[in-house]
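Welcome, and please open the structure in your viewer. We will go from stop to stop, with a selection to make at each one.

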Amino acid sequence: VQLQASGGGLVRPGGSLRLSCAASGRFFSIDVMGWYRQAPGKQRELVAATITSGGTTNYADSVKGRFTISRDNAKNTVYLQMNSLKPEDTAVYYCNAVIRLGLLSNSRNYWGQGTQVTVSS
């Protein structure tokens with residue numbers, strides 16, 4: 001299983017970016033897909049996640065109202081639309097997925113390679 005993330009870059013404060021992450025390989029189901037971020041000198045933190053069963057979404061308080069997570073289940077892809085970006089959003093963003101390889105398998109955590117988002121004037 002691989003998670004391939006894309007869409008990072010440099011943007012001015014107030015600007016927008018859209019991150020994408022596609023899961024590939026052989027697996028039975030994806031239970032959760034989401035995004036984490038890690039700024040220099042800080043711990044990795046949850047940004048947003050979406051749970052397959054029920055479609056529940058969760059956001060960090062710091063991004064509520066500015067970021068939107070969505071999924072295309074047919075493409076096994078999760079997106080993060082980031083609007084009204086602030087310098088404090090600068091971080092490496094990591095795609096995360098909780099995936100079940102088989103019907104009777106336990107779910108496992110998978111990570112993408114990380115994509116840099118820099119918000120600066």
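Begin by selecting C21 and C95: are they buried or exposed? Both C21 and C95 are buried, where buried means under 20% relative accessible area, exposed over 50%, and partly exposed in between (1.4 Å probe, protein chains only).

Before moving on, a word on what you are looking at: this is a predicted model, in which local features need pLDDT of at least 70 and side-chain atom pairs count only at pLDDT 80 or more, while totals for chains, interfaces and linings use all residues. Residues are numbered from 1 along each chain as its sequence is written, and side-chain values use heavy atoms, with hydrogens and water left out.

**Stop 1: the disulfide**

Keep C21 and C95 selected and show their side chains. Their sulfur atoms lie 2.0 Å apart and form a disulfide (a pair of cysteine sulfur atoms within 2.5 Å). A search of the whole structure finds 1 disulfide. The torsion about the S-S bond of C21 and C95 is about -85°, so this disulfide is left-handed. The pair links distant parts of the chain, 74 residues apart: C21 sits in strand β3 (residues 17-24) and C95 in strand β9 (residues 91-100). Strands here are DSSP runs (E, at least two residues), numbered from the N terminus.

**Stop 2: strand β9 and its partners**

Now select residues 91-100, which make up β9. Of its 10 residues, 7 are buried, and the strand is mostly covered. Which strands pair with β9? Two strands pair if DSSP finds at least two bridges between them.

- Add residues 29-38, strand β4: β4 and β9 pair in the antiparallel sense over 9 bridges. Look for Y36, which stands opposite Y94 of β9.
- Add residues 107-111, strand β10: 5 bridges join β10 to β9, and the two run antiparallel. A97 has Y110 in β10 as its bridge partner. These two strands form a hairpin with 6 residues between them.
- Add residues 115-119, strand β11: 3 bridges join β11 to β9, again antiparallel. Here A91 is matched with V117 of β11.

**Stop 3: the largest nonpolar core**

Next, select W35, V47, F67, L80, M82 and Y93. Of the 29 residues in the largest nonpolar core, these touch the most other members. A nonpolar core is a set of buried Ala, Val, Leu, Ile, Met, Phe, Trp, Tyr and Cys residues joined through side-chain atoms within 4.5 Å. Several strands each supply at least two residues of this core: β1 (2-6), β3, β4, β5 (45-51), β7 (67-72), β8 (77-82), β9 and β11. Which strand gives the most? That is β9, with 5 residues.

Centre the view on M82. Leaving aside residues up to four places away in sequence, M82 touches G15, S16, L17, L19, R66, F67, Y93 and V117; contact means heavy atoms within 4.5 Å.

**Stop 4: an open sheet**

Select β1, β3, β8 and β7 together. These 4 strands form an open sheet in the order β1-β3-β8-β7, with antiparallel pairing. β1 and β7 stand at the edges with a single partner strand each, so one side of each is left without a neighbour in the sheet. Neighbouring strands of this sheet are turned by 15° against each other on average, direction ignored (axes are lines fitted to C-alpha atoms, and angles run from 0 to 180 degrees between N-to-C directions).

Zoom in on the β1 edge: 5 bridges join β1 to β3, which run antiparallel. S6 has S20 in β3 as its bridge partner.

**Stop 5: T77 and two loop residues**

Select T77, which has its place in strand β8. T77 is buried, with a relative accessible area of 7%. Its side chain reaches the backbone oxygen of K75 at 2.9 Å. Not counting residues up to four places away in sequence, T77 touches C21, A22, M33, S70, R71 and D72, and that brings you back to a cysteine of the disulfide, C21.

Finish with two loops. N76 lies in the loop between β7 and β8, and S84 in the loop between β8 and β9. Phi of N76 is near 50°, a positive value in a residue other than glycine, and phi of S84 is likewise near 50°. N76 counts as partly exposed at 26% relative accessibility, and S84 counts as partly exposed at 39%.

Definitions and conventions: Polar contact = N/O pair within 3.5 Å; in protein donor to acceptor, adjacent residues only side chain to side chain.
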